[in-house]
Amino acid sequence: MKNLDQDEFAVATSVDPPAITLTGLWKAYGNFVAVRGIDLQVGKGEFCTILGPSGSGKTTALMMIAGFVMPGRGSIKIAGRDLTFAPPQKRDLGVVFQNYALFPHMTVRDNVAFPLEMRRTPRNEIAERTDRILKLVELDSFSDRYPRQLSGGQQQRVALARALVFEPAVLLMDEPLGALDKQLRGHLQLELKRLQRRLNVSVVYVTHDQEEALTMADRVVVMKDGRIEQNGTPQEIYDRPRTPFVATFIGETNLLPGTLIEAQGSKGQVELPTGRKVRAMLGAGVREGERAIASVRPEQLSVSEAPSSNGALNSWEGRIREVTYLGDAIRYHVIVDEGRPTLASTLVVKEPRNARQTPLAAGPSVFVEWPVEHTRVLAPDQR
């Protein structure tokens, strides 16, 4: 082992441990396995979103971190301390749920002060910290109101203030904005992110909303069937999905199944059942000669009445079957190999509304083209 001099030792020991470390975390209910041995680290001050469909295990994982559900096996460390089987009140965690769980008979101030009173904090400190957090969430002028006198967004901010007032090591949030309308949800997403950065608190945020995850998170953890499918930054998850499930669950994509017939360096070529070939960047776990799926996002495709001469593009001829106006964009559904009904494919193209003066109409023959570097070859989902 390398010997550390005094300065090196000071640096090595001053590094903060991760806010949360999950190792081999597993939970089963009878024959149903909800969480299957997940490993995860959340850094100090990091906003980590756990994203997945219903039944993926994301809420069960959060409940185990909170101490409301005990794991079957594995360990949970919070700020370096093993708290796998510690009760919730010993974990120094703030928790916010979708229903807020505010006390209806207490004022806003009393709701927020409640965690401090349970910890027997001195009265002058309770008043000071409650005032400070209410001002931070812009509810200081509502402190004497009751929950029934507040809007949904205001109640959500009271629940957030109550979870933060005792300065927890980590804030856990389970679908906290799910009951709000889209416009208010978007406003509170930005507000919550601003607060998180200002307070430098670590957050584990559970949601099934892909847009919410991409908007708020420093890191996104995508779960499926109790496992972590992919763990990365929002840009990595969106631009470089590792599986067809991640590609389709995060945003929209065109999936073109076939066989990987060529792999050279970082690029490959997938042959479809029609004989068409797609050139793409190679993802993990794909091997030459085996089944593979080419994936490309609709916004990476362009549609035109004549092919370009750019050799860095995939280029297919087809026919526009449907045009959909989306407000800020136009979606084209282009059918290719129309004369072969069992093998026909539909490519979805999404372009900004101002990309052309007049949108193309359904019916005529067109060319759909897209860059090789924005196309990914993925291994088929195995489960």
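This report walks through the two biggest pockets of the chain and a helix beside one of them, after a quick look at the whole fold.

What you have here is a predicted model. The chain runs to 383 residues, and 48% of them count as buried. Its secondary structure comes to nine helices and 20 strands. Taken along the principal axes, the C-alpha atoms fill a box of roughly 75 × 60 × 50 Å. If you look at contacts with a separation of 6 or more, 67% of them are between residues 24 or more positions apart. As for the surface, the chain exposes about 19200 Å², with carbon and sulfur atoms supplying 49% of that area.

Now for the pockets, with their volumes and linings set out by class.

| Pocket | Volume | Nonpolar lining | Polar lining | Charged lining |
|---|---|---|---|---|
| Largest | about 520 Å³ | 16 residues | two residues | two residues |
| Second largest | about 270 Å³ | seven residues | one residue | five residues |

Start with the largest pocket. Its lining is made of 20 residues, and if you want to find its centre, look for Leu-93, Val-95, Pro-115, Arg-119 and Phe-166, which lie nearest to it. Three elements give two or more residues each to this lining: strand E6 (93–97), helix H3 (108–118) and helix H5 (152–164). E6 has the largest share, with five residues.

The second largest pocket has 13 lining residues, and here the ones closest to the centre are Ile-133, Leu-136, Leu-164, Glu-167 and Leu-199. Two helices, H4 (123–136) and H6 (182–199), each put at least two residues into this lining. H4 makes the largest contribution, at five residues.

Helix H3 deserves its own look, as one of the elements lining the largest pocket. Which of its residues are buried? They are Val-108, Asn-111, Val-112, Ala-113, Pro-115 and Leu-116. An α-helix has 3.6 residues a turn, so residues three or four places apart point the same way. With that in mind, follow Val-108, Val-112 and Pro-115 along the helix, which are among the buried residues. The cover over the buried residues of H3 includes H4 and H5. Pro-115 also turns up among the residues nearest the centre of the largest pocket. Just past the end of H3, Arg-120 has a positive phi of about 55°.

Put together, H5 helps line the largest pocket and also helps cover the buried residues of H3, while H4 shares in that cover and gives the second largest pocket five of its lining residues.

Notes
Residues are numbered from 1 along each chain as its sequence is written. This is a predicted model: local features need pLDDT of at least 70, side-chain atom pairs count only at pLDDT 80 or more; totals for chains, interfaces and linings use all residues. Side-chain values use heavy atoms; hydrogens and water are left out. On a 1 Å grid over the protein atoms alone, a cavity is a set of points where a 1.4 Å probe fits but cannot get out, and a pocket is an open set with protein on both sides within 12 Å along at least five of seven lines; lining residues have an atom within 4 Å of a point. Grid points are joined across faces, edges and corners, and a volume is the space filled by probe spheres set on the points. Helices (H or I, at least four residues) and strands (E, at least two) are DSSP runs, numbered from the N terminus. Ala, Val, Leu, Ile, Met, Phe, Trp, Tyr, Cys and Pro count as nonpolar, Asp, Glu, Lys and Arg as charged, and the others, Gly among them, as polar. Buried means under 20% relative accessible area, exposed over 50%, partly exposed in between (1.4 Å probe, protein chains only). Contact means heavy atoms within 4.5 Å. Accessible areas come from the Shrake-Rupley method with a 1.4 Å probe; for residues, only the protein chains shown count as cover.
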